[in-house]
Amino acid sequence: KVDLLAALARARQLERDGDPSGASAVYGEIAGDYPDAAWTREVRLVLSDQARKPAAGGNGKTYALLIGISQYPVESPVGNLQFADADARGFAEFLQTPKGGSVPPEQIKLLLNSEASRDRIDAAVSTFVRQAEGKDNTLIVLIAGHGSYLVTEKDPETGKVIEREPYIVTADAFRQDIKTTGLPMAEFRSFVAEQVSRFARVLVYIDVCHAGHIRDFTSSADLQPAIKRVFEMREGELGLIIDRKSTRLNSSHLG
């Protein structure tokens with residue numbers, strides 16, 4: 001007879017890997033050797049149903065722009081991180097597994113550390129993301145790194161900050177010139193809103209400090225129409241997961 005514990009472990013691993021047909025076959029072996037294991041019929045019915053379901057998104061394809069910055073130059077206004085680049089790399093590897101959607105490598109753009117300069121990010125948006133557009137397609141965006149404030153005005157008497165602008169700190173953001181080398185969170189919000197109208201669904205993961213400003217802006221008076229439609233009227237399909245470097249993970253689903 002088949003080793004029951006080993007077979008169960010193998011079946012569970014196949015389920016985790018997104019292979020319901022393979023898992024069902026293993027449960028079939030168990031049923032053949034252990035006729036009293038009637039529970040395997042129920043499990044196989046569920047797995048067979050999963051195997052017959054079409055992949056989410058119909059005929060659409062999934063594209064991913066993944067950015068992870070752990071190493072910053074000494075001229076940067078921030079220090080190095082430990083895991084941001086590893087998170088982006090690990091997510092890219094996961095997307096290529098059956099459970100992650102079996103996304104082909106050519107549909108994943110990975111920018112790590114020095115590759116994630118402002119120019120390289122802009123180039124990825126204007127080429128990789130633009131070429132991936134499609135009403136049936138899914139776009140996944142992940143940014144892991146530092147977020148920082150740019151002091152735009154101070155009280156001349158007290159020195160107290162009156163206005164601060166949040167930025168995503170790119171790999172080439174310099175302390176003296178973050179305004180032109182960093183990525184403003186307001187600009188990133190505009191980018192996300194524009195993609196919602198160009199893709200069937202957009203999934204965004206932001207793991208930078210102060211990232212809540214991407215979603216929780218203080219005034220909507222001067223917002224672009226695309227941003228109002230997505231972030232206020234909740235049009236389109238947008239999944240937004242934000243880690244503000246606090247004790248909890250903040251997430252919202254719009255649309």
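Let's start with Asn113: at a relative accessibility of 10%, this residue counts as buried. Asn113 sits in the loop between E2 and helix H5 (118-132), and its phi is positive, about 50°, even though Asn113 is not a glycine. Most residues other than glycine have a negative phi. Keep in mind that what you are looking at is a predicted model.

Ser102 is another non-glycine residue with a positive phi, this one of about 55°. You'll find Ser102 in the loop between H4 and E2. Is Ser102 buried or partly exposed? With a relative accessible area of 43%, Ser102 is partly exposed. The cut-off for buried is under 20% and exposed starts over 50%, so a value of 43% lands in between.

**The chain as a whole**

The protein chain has eight helices and nine strands. Of its 255 residues, 40% are buried. The accessible surface comes to about 14,000 Å², and carbon and sulfur atoms hold 50% of that. If you take the contacts with a separation of 6 or more, 61% of them are between residues 24 or more positions apart.

How much confidence does the predictor have here? The mean pLDDT of the protein chain is 82, with 84% of the residues at 70 or more. Residues 246-255 are another matter, with pLDDT below 50; even so, this stretch has 28 contacts in the model beyond near neighbours in sequence.

**Strands side by side**

Both loops described above involve E2, so that strand is a handy place to pick up the thread. E2 covers residues 108-112 and runs parallel to strand E1 (residues 62-68), with five bridges joining the two. Within that pair, Leu65 stands opposite Lys109 in E2. Add helix H4 (residues 84-95), and E1, H4 and E2 make a right-handed β-α-β unit.

Further along, strand E7 takes part in two pairings, one with E3 and one with E8. Here are the three parallel pairs, each with one facing pair of residues.

| Strand pair | Bridges | Facing residues |
|---|---|---|
| E1 (residues 62-68) and E2 (residues 108-112) | five | Leu65 and Lys109 |
| E3 and E7 (residues 199-207) | eight | Ala144 and Asp207 |
| E7 and E8 (residues 238-243) | six | Val202 and Leu238 |

**Two neighbours in E3**

Asn137 belongs to strand E3 (residues 134-144), and Thr138 has its place in E3 too. In a regular strand the side chains alternate between the two faces of the sheet. Asn137 counts as buried at 11% relative accessibility, and Thr138 is buried as well, with a relative accessible area of 8%. Both values are under 20%, the cut-off for buried, so neither residue makes it into the partly exposed class.

What does the side chain of Asn137 reach? It reaches the backbone oxygen of Ala132, at 2.9 Å. The side chain of Thr138, for its part, is joined to that of Arg201 by a polar contact of 2.6 Å.

Now for the company they keep, setting aside residues up to four places away in sequence. Asn137 touches Gly60, Lys61, Tyr63, Ala132, Phe199, Ala200 and Arg201. Thr138 touches Lys61, Thr62, Tyr63, Phe199, Arg201 and Leu203. Lys61, Tyr63, Phe199 and Arg201 turn up in both lists.

**H1 against H2**

Over at the start of the chain, Arg12 is found in helix H1 (residues 4-16), while Tyr27 lies in helix H2 (residues 20-33). Which of these residues is buried? Tyr27 is, because its relative accessible area is 4%, against a cut-off of under 20%. Arg12 is partly exposed, at 39%.

Tyr27 has plenty to touch. Leaving aside neighbours within four places in sequence, its contacts include Leu8, Ala11, Arg12 and Glu15, and also Trp39, Thr40, Val43, Arg44 and Leu47. Arg12 and Glu15, both on that list, are themselves joined through their side chains by a polar contact of 2.9 Å.

Two C-alpha distances add to this picture. Tyr27 and Leu8 are 19 residues apart along the chain, and their C-alpha atoms are separated by 7.6 Å. Arg12 and Ala23 are 11 residues apart in sequence, and 7.0 Å lies between their C-alpha atoms.

Notes
Residues numbered from 1 in each chain as written. Predicted model: local features only at pLDDT ≥ 70, side-chain atom pairs only at ≥ 80, totals over all residues. Heavy atoms only, no water. Helix = DSSP H or I, 4+ residues; strand = E, 2+ residues; numbered from the N terminus. Buried < 20%, exposed > 50% of the residue type's maximum accessible area, 1.4 Å probe, protein only. Polar contact = N/O pair within 3.5 Å; in protein donor to acceptor, adjacent residues only side chain to side chain. Contact = heavy atoms within 4.5 Å. pLDDT = per-residue confidence, 0-100. Pairing = 2+ DSSP bridges. Right-handed = clockwise from strand over helix to strand, strands pointing away. Areas by Shrake-Rupley, 256 points an atom, 1.4 Å probe, with all protein chains shown as cover.
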